[in-house]
Amino acid sequence: MSKLLVVEDSKFFSSLIKRTVEQRLKIDVLCAFTKAEAIALADEWGEEIFLSLVDLHLPDAPDGETIDDFQRMKIPSVVFTGQYSDELRLRMLAKGVIDYVVKENPSSLDYIVSLVRRIHRNPSIKTIVAEDSRTARLFISNLLKLHKYNVLEAGDGAEALELLEANEGVKLIITDFNMPGMDGFELTKRVRAKFRKSELAIIGMSAQGNNTLSAKFIKNGANDFITKPFLDEEFFCRVSQNIDIIERIDELHYAATMDFLTGVNNRRSFFDVAQGAFKKSVKNESPTVIGMMDIDFFKKVNDTYGHDGGDVVLREVAGIFKEHVGKDDLIARFGGEEFCIYSNSLTAETAFDYFDGIRKSIEARKIDAGGREIGVTISIGVCCEKAETLDDMIVRADENLYRAKESGRNRVVL
């Protein structure tokens with residue numbers, strides 16, 4: 001597990017950072033009060049340390065020597081100190097530290113937490129730098145890599161589009177305005193034809209920065225604009241803010257569409273997605289299969305093991321469903337202990353074996369709930385015959401689920 005190393009001789013600040021980061025971010029924090037302790041922890045944990053927060057003045061390193069050691073050990077560092085001067089800030093940034101933060105007030109701690117969170121997540125964030133000048137492209141790419149972003153480089157707009165097509169999940173494009181062939185405006189318009197601002201951020205750049213150019217970029221679909229030359233801090237703040245906004249929107253979308261307990265789709269999102277898939281299957285005359293599934297005697301589970309035990313069962317059962325569902329099919333929790341699977345990949349001939357395989361997997365699983373083993377079974381009703389509407393198929397699957405319950409449970413009825 002990734003770890004944050006805090007090197008701070010003040011036990012108050014050290015414990016405050018440790019407690020705040022572990023509570024808010026669920027990241028393990030290692031604490032050192034001297035340079036010697038910091039080096040020992042760095043040697044012990046090695047690459048598991050993704051970032052260090054370092055006070056400049058330690059009992060055995062009064063002039064920031066720890067920073068030099070960590071740079072040699074290739075441990076990314078953020079300076080966290082009570083001392084500030086322009087000269088010292090520039091000297092620290094020249095050493096390649098990620099940031100320089102002054103201990104001034106509670107907002108400094110909030111900034112540190114947001115920075116730690118960002119650096120911890122950045123390796124999974126794909127970015128594209130589109131810039132025809134190799135020198136400028138390398139400079140911007142190295143800035144992003146300093147903050148641990150996953151960086152792809154393009155020499156013009158056309159190459160950037162090729163990279164975007166070939167790499168799923170790109171969250172940020174930084175593009176220069178003046179590029180041969182396809183310029184930054186055209187690239188922005190092409191990207192916006194496929195991706196909304198809430199899905200992928202675009203930051204325009206130009207040395208010819210003016211209000212007209214900035215407005216034109218944003219009107220063409222960019223999220224932001226930076227005029228060259230820029231301060232590194234301004235660059236990182238704008239990049240972080242745009243990525244943060246996209247992540248917040250992703251989190252809101254997840255909360256609106258997914259069941260918080262089991263991690264599968266909720267009922268609302270099921271119908272949003274399945275209605276479109278059903279209409280497409282009708283048009284293409286492709287098969288559609290609906291399975292309604294219900295955990296047997298779930299009230300008894302809650303009565304015996306408490307609602308915490310019931311929640312563990314729901315998560316485990318949902319996990320088994322996810323193991324069986326194909327990437328083009330859909331699993332949702334309809335409410336309580338009832339789930340539904342929508343599939344266009346199953347047929348009337350394959351449906352029984354598929355659902356009976358799920359039933360057997362759940363029957364065989366012994367669920368650990370706080371040291372207590374819980375065994376459960378499920379009943380499944382399946383509709384394989386295409387009806388006029390999706391709702392009609394769900395009703396028929398539900399009727400078969402009722403028959404499965406009435407005929408003894410722990411079985412599949414088509």
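User: Which elements do the buried residues of helix 5 pack against?

Analyst: They pack against strand 1 (3-7), helix 1 (11-25), strand 3 (49-54), strand 4 (77-81), strand 5 (99-102) and helix 10. Here contact means heavy atoms within 4.5 Å, and helices (H or I, at least four residues) and strands (E, at least two) are DSSP runs, numbered from the N terminus. This is a predicted model, in which local features need pLDDT of at least 70 and side-chain atom pairs count only at pLDDT 80 or more, while totals for chains, interfaces and linings use all residues. Residues are numbered from 1 along each chain as its sequence is written, and side-chain values use heavy atoms, with hydrogens and water left out.

User: Which residues of helix 5 are the buried ones?

Analyst: They are Ser108, Leu109, Ile112, Val113, Leu115, Val116, Arg117, Arg118 and Ile119. A residue is buried under 20% relative accessible area, exposed over 50%, and partly exposed in between (1.4 Å probe, protein chains only).

User: What makes the span of helix 5 close to the expected one?

Analyst: Helix 5 (residues 106-121) has 16 residues, and its first and last C-alpha atoms are 23 Å apart. The expected span is 1.5 Å times one less than the number of residues, which gives 22 Å for helix 5. The value of 23 Å is therefore close to the expectation.

User: Why is valine 102 called buried?

Analyst: The relative accessible area of valine 102 is 15%. That value falls under the 20% limit, so the residue is classed as buried. Valine 102 belongs to strand 5. Not counting residues up to four places away in sequence, valine 102 touches Thr81, Gly82, Gln83, Tyr84 and Ser108. Ser108 is one of the buried residues of helix 5.

User: How do you know that phenylalanine 195 is partly exposed?

Analyst: Its relative accessibility is 27%. This lies between the limits of 20% and 50%, and therefore phenylalanine 195 counts as partly exposed. The residue is found in the loop between helix 8 (184-192) and strand 9 (201-206). Beyond its neighbours within four places in sequence, phenylalanine 195 is in contact with Leu164 and Leu200.

User: What is notable about phi in lysine 148, and is this residue buried or partly exposed?

Analyst: Phi is near 70 degrees, a positive value in a residue other than glycine. Lysine 148 has a relative accessible area of 33%, between the two limits, so it is partly exposed. Its place is in the loop between helix 6 (134-146) and strand 7 (150-154).

User: Where else is there a positive phi in a residue that is not a glycine?

Analyst: Asparagine 410 has a phi of about 55 degrees. This residue sits in the loop between helix 14 (390-406) and strand 18 (412-413).

User: Which peptide bond is cis?

Analyst: The bond from lysine 228 to proline 229 is cis, with omega near -10 degrees. Proline 229 lies in the loop between strand 10 (224-227) and helix 10 (232-257).

User: What is the secondary structure of the protein chain? Why is the chain called more spread out than a compact globule?

Analyst: The protein chain has 14 helices and 18 strands. Its radius of gyration, taken over C-alpha atoms, is 27 Å. The globule rule, 2.2 Å times the number of residues to the power 0.38, gives 22 Å for 414 residues. The chain is well over that value and is therefore more spread out than a compact globule. Along its principal axes, the C-alpha trace spans about 80 × 55 × 30 Å.
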